[in-house]
Amino acid sequence: MSSESTPALLKGAAGVESTESGGPAPAGPSARSPRSRSTAAYARYAAGKLAGAAVSLFAVLVTSFFLFRLIPGDPVKQMTGGRQVSTEQIAAMRREFGLDLPLWEQFTQYCGKALTGDFGTSYQFRAPVVDKIAEALPATLLLTGTAFVIYTLLGIWLGARSAWRNGSAGDRANTAFALTLYSVPSFWLGLLLIITLSVGIGPIPGLFPTGGMESGDTEGFDRVLDIAHHMVLPVVTLVAVEYARTLLVMRSSLLDEMGSDYLTTARAKGLRDDLVRRKHAVPNAMLPTVTLLFVNLGTTVAGAILVETVFSWPGLGGLFYQALSVPDLPLVQALFFVFAAAVILMNTLADVIYPLLDPRVGR
Amino acid sequence: MTTSMQKPEPLEPDARKPSGQPEKVVPVQSPRALTRARRRQAVARFWRQYRTHRAGLVGLAVLAVIALLALTAPLLVGADSQSVTSAPGGPMEAPSGEFPLGTDQFGRSLLALMLWGTRVSLTVGLLAAFLSVAIGTLIGITAGHFKGWYATVVMRITDWFLVMPTLVLAIALATVLSRSVWTTILAIGVTTWPTTARLVRAQTLSVESRPYIERSRALGGGHRHIMSRHVLPNVMPLVLAQTTLVISTAILTEATLAFLGLSDPTIVSWGGLLQDAREAGAVSSGNWWYLAPPGLAIAVVALAFTLCGRAIESVLNPKLGVSR
């Protein structure tokens, strides 16, 4: 479904690009105004969005610093774990982690270092926070990326079908099923899947591993298969709870297109109903959905916290949960920043790309 | 959700007068009585349209049953059913005649715990949603009414809250503050208001551009009068739809926080039961009957609120095309 709609999307983008690169101006909305003016307007628009994102990122940085200072409990006490420590040792540890400085100085140091990508040293792992995050990042990207691709395709496909047969039994069943899964807590669904398909009840044998990312005794292609085997249940859980949103947006934006004249024209040309949907209606209805896709991409990373916790997936979500229980301030701060930054960057990307796809917007 | 970002048509009584209502029946009435009669008509019209949405009616019926169960829980099961020390059954018993849903690791009846949990989940969900919607409405109306630097600053803050990952922020707040039901309510309320604020602001802007607001201002209506007498009644239907949708989010978030062990551990809630089940090893021992009911209850209540919310939304804005 989406592979068929990409050409249309790319066409829109290519048209705008050719205006910017100075080629012959194509007929269309952008051809009316002088080329340079439209490019400059877009550049101003994009710069504005990027500046807004920078401000938001800085605000997140500030929040991440001050919010977690409020956690009750002394991190040094937590680190020593109730062992007998002399006051000198405690003072040394405070110096090591910069906790002896006044809050304001800690903050300026934190910001300065964060700009260079240094988020300090984790209290519990005694390793640079950046390294811990870099270790966990691939696992999260693999899990959320796979789930994202699947639920996007599924949502768009089912949403388009649902809207095309609006009000039919199939549409109603489709929407009801999606809404039901949308209301299900992801961690509960994950636990149920583990019980039925990993642990096994009654005659059902344990088909899938209960957690983790790999067994660790395989190499090469077998390792790929092993990871895929471990990934099935977490991905199914994420897809199940997430695809409803895409479906509903796709459905309502296609419904908006349904009465359009150009569809009547397409039918009058004698096109098959199926072709009218795929070549004419869906590409236009995709536009609002594209924005949602970026937003989804950003939030799924944070949304995977629970699924990762339930399936002991070695990703960012599990790390966040682990860090919160200590509390491992540098790690929590950095992860909070990463989660928020993912959403901010994806939203900004959507804002910047959207006018390229739809020349009617934001010019 | 983007579907809810569209501006619904305001339920404005004087815009479309019901043709069937004879107007001359109403003799000379005070303005207040007139307003009241018009509101009553609007509500009746709303209900007539809502009734045609089957999913919305199902949601409403389910909610009525659950609310009844929550209210009568103390009559159905005694308060001592929550006590760990005087538990009637053995630990982790499978469902039986005496314990229809089995028992937990302390031997307490799971059915009784589920009933008690209803109260917590509903209370937290409702209060958190009201807090969230109240903040959102207040900020939305004032930002739409007072333009200029106030609106700019407030909407920047809103935008900034909007991009914060809600769950992460709620987890962070629940970690930072002490463990109690109020913390959970606060954490959910403080993190979910921006969507409402944006919706209400858009609606406020569209209401305030109408001539009758200008008329009211010319007659000497102050800021408070315009906001409370003219704008608020017009955004209320929208706020109602938004509230039902936020409640289902709030109930899910409450369960999530409880499951992560971030709410008051002494209070029995559905999310807390799931956490207990996981810690008691219900997963590895395959005790699905311990895990299934709490999650199912969460899903049913969240779904019921979502169905009601979507039905209300589609009554307000028939263009949305929600299936009936």
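Which way does α1(B) pass α10(B), in a left-handed or a right-handed crossing? That one gets settled in the first view below.

**View 1. Helices α1(B) and α10(B) where they cross in the predicted model.** The crossing is right-handed. Here you're looking at residues 31–50 and residues 288–316 of chain B, whose axes come within 10 Å and make an angle of roughly 115°. On the α1(B) side, the residues to pick out are Phe46(B), Gln49(B) and Tyr50(B). They meet Ala311(B), Ile312(B) and Val315(B) from α10(B). Sorted by class, this contact has 5 nonpolar residues and 1 polar one, with no charged residues in the mix.

**View 2. Where chain A touches chain B.** On one side sit 45 residues of chain A, in contact with 36 residues of chain B. Quite a few helices of chain A give two or more residues to this side: α3 (35–69), α8 (169–183), α9 (186–200), α10 (220–258), α12 (273–310), α13 (316–324) and α14 (329–357). The largest share is that of α9(A), with 8 residues. As for chemistry, the chain A side has 31 nonpolar residues, 11 polar ones and just 3 charged ones. For the model overall, the scores are ipTM 0.78 and pTM 0.79.

**View 3. The largest nonpolar core, with 152 residues.** The members that touch the most others come from both chains: Leu335(A), Phe339(A) and Ala340(A), plus Ala170(B), Ile171(B) and Ile298(B). If you want to know which helix puts in the largest share, go to α8 of chain B (residues 223–259), with 16 residues. Zoom in on Ala170(B) and leave out residues up to four places away in sequence: what remains in touch is Ala187(B), Ile188(B), Thr191(B), Thr253(B) and Leu257(B).

**View 4. Pro138(A), a proline in helix α7 of chain A.** Is Pro138(A) buried or partly exposed? Pro138(A) counts as partly exposed because 13 other C-beta atoms lie within 10 Å, whereas a buried residue would need 20 or more. Leu316(A) is worth showing alongside: its C-alpha atom is 9.1 Å from that of Pro138(A), though the two are 178 residues apart along the chain. The helix that holds Pro138(A) is α7, and α7 (residues 129–164) has the highest mean pLDDT among the elements of chain A, at 90.

**View 5. Chain A as a run of helices.** Chain A has 14 helices and 0 strands, so to speak an α after α from the N terminus on. Of its 363 residues, 36% are buried. Take the contacts in chain A with a separation of 6 or more, and 72% of them link residues 24 or more positions apart.

**View 6. The stretches to treat with care.** Chain A has a mean pLDDT of 77, with 81% of its residues at 70 or more. The weak spot is residues 1–33 of chain A, where pLDDT stays under 50. The model still has 41 contacts for this stretch beyond four places in sequence. Helix α1 of chain A (residues 2–20) has the lowest mean pLDDT among that chain's elements, 33. Chain B averages 80, and 84% of its residues score at least 70. Over residues 1–19 of chain B the pLDDT is below 50, with 39 contacts in the model beyond near neighbours in sequence. Where pLDDT is low, don't read the predicted coordinates in detail.

Methods:
Residues numbered from 1 in each chain as written. Chains lettered and ligands numbered in written order. Predicted model: local features only at pLDDT ≥ 70, side-chain atom pairs only at ≥ 80, totals over all residues. Contact = placed C-beta atoms within 7 Å. Helix = DSSP H or I, 4+ residues; strand = E, 2+ residues; numbered from the N terminus. Nonpolar A, V, L, I, M, F, W, Y, C, P; charged D, E, K, R; others polar. Core = buried A, V, L, I, M, F, W, Y, C linked by C-beta atoms within 7 Å. Buried ≥ 20, exposed ≤ 12 C-beta atoms within 10 Å, placed from the backbone. pLDDT = per-residue confidence, 0-100. Axes fitted to C-alpha atoms, helices over the stretch in contact; angles between N-to-C directions. Left-handed = near helix turned anticlockwise from the far one by under 90°.
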